[in-house]
Structure formats: structure tokens, C-alpha cells
Amino acid sequence: MKLPNMKYLDGISKSTQVKFGGLNHTKGAGDGELWDMKNLTGDHYPLLATRAKRQIYRRLEKPSGLYSWEGLCWVDGTGFYYRGKYKMAVSEGEKIFASIGAYIVIFPDKCYYNVDTDESGSLEAVWEEQYFFIGDGTRNGMNYKASCIFGRETDSFEGIFSPGDAVTIENCNAIPSNNKTAVVRAVIKNELHFDENTFTLPDGESRYMEQEIGEGNLTIKRTVPDLKYICENENRLWGCSDNRIFSCKQGDPFNWNNRDGVESDGYEVDTGSAGIFTGCVSFQGYPTFFKEDHIYKVYGALPSEFQLMESTVPGVANGSHLSLAVANSILFYLSRNGVMAYTGGIPQSVGSAFGLQRFQNAVAGSDGMKYYISMQDGTETWGLYVYDTQTGLWFKEDDSQAVGFARHDGKLYMQTKMGQLLITGNVPAQPEEAELEETVQWFAEFADITEKDPNKKGISKLQLRLELEEGANVQVWMMLDSDGKWMPVGQAVGEGKKRSYYLPIVPRRADHYRLKLTGTGGCRIYSLTLESYSGSELRSKEGRN
């Protein structure tokens, strides 16, 4: 709290600030709040303190995605790495991840990595051949009419398709009605078996050969939708693209087109509302989808029971799909109106500290209690901000442009555009392969100080009670009447202990003034005491007056 001013007979008053706020980039910022800052934290609230040193875990060439599922994984250029080891090639560009069972799936590549078997590959499959047969089939000693595709030149369909795959058959030119999507019931060498009477055969024939008529071979595909955003919920992968929502077959990320009328079927729905989807996440047990002005939640346990519930509220801003992160059981994200907090009802803004600033292209993560968000302001300048859910305060760290966050083994990892894979926040133990950041440079610029006095006033003394790590330093600056000129006031050098620093100031009257502290190394500020005197309402002049 801030103690009341103590006025003495000589007109000098003393005020002490012992409770410091966070970032407040508004004209109404109060005593102890900061107009701007760098590399500060609320970990020691109500003290003002520098953040902990980060740890450099890896250096990458072209970072484009970060994720954690039993182990930390990332994409660097065209390589996918799991637990630090190269596993497979991917295309260049931003990646989104989800996991189901032992599978990590990567979009837009539509590929997978199995953490149990160390296998990787495509979620899709395709087979093409010019000459083939369609006819009756036999499996398990039973004959099934019009149920089988026989590959003439294919040795085996095994390893390409599996029982339960929903495949799309194309380019049946002789009998076009055989172009359809059907579910594979068995794979026996070069035979794909389907339900009885899946196909149409010529009258009186038990088998016929499709020969190429015009262009194109027979094509059999197992396809996955072109999803822009994905998540996992209740053993299903969910995704969205443009105006549609999709779900894979239960427990099967390879199949999205199964429509057998059973509880494990895939699912697809068109929302019909204006705008495109901008992100999705699993939250509170529901797959939740966002447009810029809508939130959709899917209720129900079975495809036959799924219901889509819509709310017309601020959703995720386009380009900020990676801003979705949960801290202290609250879902945070960047909307067009600023950073929002969502608990399942109406989203609430938590970005009032930014004033009129607007942001875009946000990427965020959480250490469980704090929400870290890297975003770009209207001048295309990047900043890394931290929202402390326990105090409700914002802090700015630096100008890092993050491309991904992931929490693994109790640590929050941040992948930056510059190629660093960092461990940030309070780290319980430093991994052997990590390199500790050398030092932390910081500053704290306080909002306008008026002493609640509309008259001219002047500061004669300033006293700081600090704890500076050994070798750290602090420089104090002062600005009068927002003239843009920072005047040096004094400096303190750390001795590794708590102590007070007394800084006399040449008096000069002003309507208001600002203080800025700049420093290098660890620092905790316990109190800030000002001795000031009140003058008149007359215009102040240069020099002592």
C-alpha cells in the first residue's frame, strides 16, 4: 500500500510506495503502476522484481512449431524432432499439432509419428491401377456378392489399407455408380473386401474388368480433410476449416469418413454462419471452435447425439489461433477486442492495461498459473507479455517473437523466431544440456507522479530500498512535465544484500514528473520514498525556481 503523505512544518512531505502494480499503459495509471517496462515479473508481488534468467535449451535454424506429448517435439526447417532426435521430413512452414493415443499428428502435412513404435508416415493412403476387377468376394468361407475389388497388378493391399478404413473409389468409367465411399471390411493380399452389394455388376456377371476409358486409373483413397486447426477431445481428433467442423473416427486419426451409423463414426457439420474459423481447442471436456465473432461448442458423446451450440461473442482474432492457452483453469486468447478470459460463458476482457493499443498475430503458452503471450502491436513491434492470474497484473518481458510454446516436465518452453528454444519462467531444475542466460537487462518507467497535488511541486530527495545481486546495477532517471528528456539522478551498485540508497535531487518544480529505473542483473525493489515540496500553480521555468 502507499502510505499517506506526511507534511512537515517546512512544507516538505514524504510518501513511500511499498506496493507496486503491473503494466498500465493508460492515461489513468496510478501511483506504483508502470507505463512501460522490460523484463519485470510479479513473482514477488507486492515487490517489483526482475524476471528469472531463461535457459537456452536448443538453437534452431528455421523454427516452425513446438509441442509436447510424453516428450518435447519441434519442427526445424523440414525436420520433425522428438526428444531431440530427427524422426521424419515435413514441409516448411508453420505446423499445428494434436495427439491421440500414441500418435502425434501434424498439419497441414497430414502426417503422424507414433511415440510407442517410432513409426511415422502419412495419415492418408492412395492406390492407383489401370486394370482391375470388381466382383463377388469370398472371405471366412462365405460368399458375398458384388463386394470385392481385385488388383490385377497389385501384389497386396496390405500395408496400404486396413479393415475399418473408409475409402473413396474414383474413375470407375465402365459403371460410374461404383464411384463411392465405402468401408473396407477385410484385406486379403490383393483383394479389398466390402459389404455385400456395395458395387454394381453387369447383369449375370460375377466379376468384370474395368479398363481405362479416357484418362485416369482407378483410384482408391483414404482421405483426411484439409484442416486448418485441430485438437483432441474424448479420444477423437477434431478439426475445422473455413465453415465446417470435422471429427475423426473414435480412436482412429486415419479415418474421417466412416458413416456406418455406429458410435465410433466420424462426424462433419456445416455451421452456416458468416466468417471462417480462426481456432479450436478442447476446453472443459468439449471441443470448442472459434470465429472472430462466434464460439461453438459440440455437446454429446455419440455422433447421433452431437449438438452444436453457438454463442455470438468475441472469438479468436484471425491469425492468433496459437494464442489459445489455459492458465489457472481459465482459457485465454487474443480477440479483435484484446486479450479475453473465457470460463465457458461470456468471455471477459483482461486487457484494459494496454489502453488503446491493439495487437495481432499472437502466440501464447502457460506455465499453469501465468499466461505468456507474444504479440505484435499496431506498429508491427513484437512484445512478450505475461498475465499473472493470481494478482491480475500484466508484466512485459521483452521483444521476443514466439512461434510456439509447450509445457513439458513442469517447464514452459518457448520457441522464438530467432531460432532459440528457451525455458522461461521459474524453472525447478536446469537440464544438463541447457545454457543459462548471462544477465537480464531491465527497466521500469513509472506512470505520471502528481502527489495528488494540482500545484507545482518539486522533489528534493529519493530513497530506494533494494536487493541487488552482487555486481548488478540500477540507474535512476527523472523526467519533468513529459518533456521527453530523462535526467540522471543517481546510481546504485549491488552488494548482494538488502539496503537503502539515498539520492539527493536538485529541486526543480513541475506539474508532474516521471521516474525510470534502468538496470542490469537481478533486482528486487522493496520501497520507493520521495520527499517533495508543494509550490504554486504558476508556470515553472528552466532551472531552480
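Let's start with a word we need: buried means under 20% relative accessible area, exposed means over 50%, and partly exposed is in between, with a 1.4 Å probe and protein chains only. Take Cys172 as a first case. Its relative accessible area is 1%, so Cys172 is buried.

Now the ground rules. This is a predicted model, where local features need pLDDT of at least 70, side-chain atom pairs count only at pLDDT 80 or more, and totals for chains, interfaces and linings use all residues. Residues are numbered from 1 along each chain as its sequence is written, and side-chain values use heavy atoms, with hydrogens and water left out.

First, the whole chain. How many helices and strands does the protein chain have? The answer is 0 helices and 50 strands. Both are DSSP runs numbered from the N terminus: helices are H or I with at least four residues, strands are E with at least two.

Next, the dimensions. The C-alpha trace spans about 115 × 50 × 40 Å along its principal axes. The radius of gyration of the protein chain is 32 Å, while a compact globule of 545 residues would have one near 24 Å. That radius is taken over C-alpha atoms, and the globule rule is 2.2 Å times the number of residues to the power 0.38.

What share of the 545 residues is buried? It is 52%. The accessible surface of the chain comes to about 24900 Å², and carbon and sulfur atoms hold 46% of that surface. These areas come from the Shrake-Rupley method with a 1.4 Å probe; for residues, only the protein chains shown count as cover.

On to contacts. Contact means heavy atoms within 4.5 Å. Take the contacts in the protein chain with a separation of 6 or more: 59% of them join residues 24 or more positions apart.

Charges next. The chain has 57 positive and 72 negative charges, and their mean positions are 11 Å apart. Lys and Arg count as positive, Asp and Glu as negative; His and the chain ends are not counted. Each charge is placed at NZ of Lys, CZ of Arg, CG of Asp or CD of Glu.

Now the cysteines. A disulfide is a covalent bond between the sulfur atoms of two cysteines. Here the rule is a pair of cysteine sulfur atoms within 2.5 Å. How many disulfides does that rule give? It gives 0. Why is Cys111 not bonded to Cys73? The sulfur in Cys73 is the closest cysteine sulfur to that of Cys111, but it is 11 Å away, too far for a bond. Cys111 is buried too, at 7% relative accessible area. Back to Cys172: its closest cysteine sulfur is in Cys148, 13 Å off, and that is also too far for a bond.

One more cysteine, Cys248. It sits in the loop between β26 (244–247) and β27 (267–270). Buried or exposed? Cys248 is buried, with a relative accessible area of 0%. Leaving aside neighbours within four places in sequence, its contacts include Arg236, Leu237, Trp256 and Asp265. Leu237 is 11 residues from Cys248 along the chain, and their C-alpha atoms are 5.5 Å apart.

Now the backbone. Two cis peptide bonds to look at. One joins Tyr45 and Pro46, with omega about 10 degrees. Pro46 is in the loop between β4 (40–41) and β5 (48–50). Another joins Phe107 and Pro108, again with omega about 10 degrees. Pro108 lies between β12 (103–107) and β13 (111–114), in the loop.

Then two asparagines with positive phi. For Asn39, phi is near 60 degrees. Asn39 is in the loop between β3 (34–38) and β4, and counts as buried at 4% relative accessibility. For Asn140, phi is near 55 degrees. Asn140 is in the loop between β16 (132–139) and β17 (142–151), and counts as exposed at 76%.

Two last residues. Ser460 is in strand β45, residues 457–468. Ser460 is buried at 14%. Beyond its neighbours within four places in sequence, Ser460 contacts Pro504, Ile505 and Glu531.

Finally, Arg358. Look in the loop between β35 (348–349) and β36 (359–366). Arg358 is partly exposed, at 46% relative accessibility. Outside its neighbours within four places, the contacts of Arg358 include Arg336, Gln376 and Asp377. Arg185 is 173 residues away along the chain, and the C-alpha atoms of the two are separated by 54 Å.
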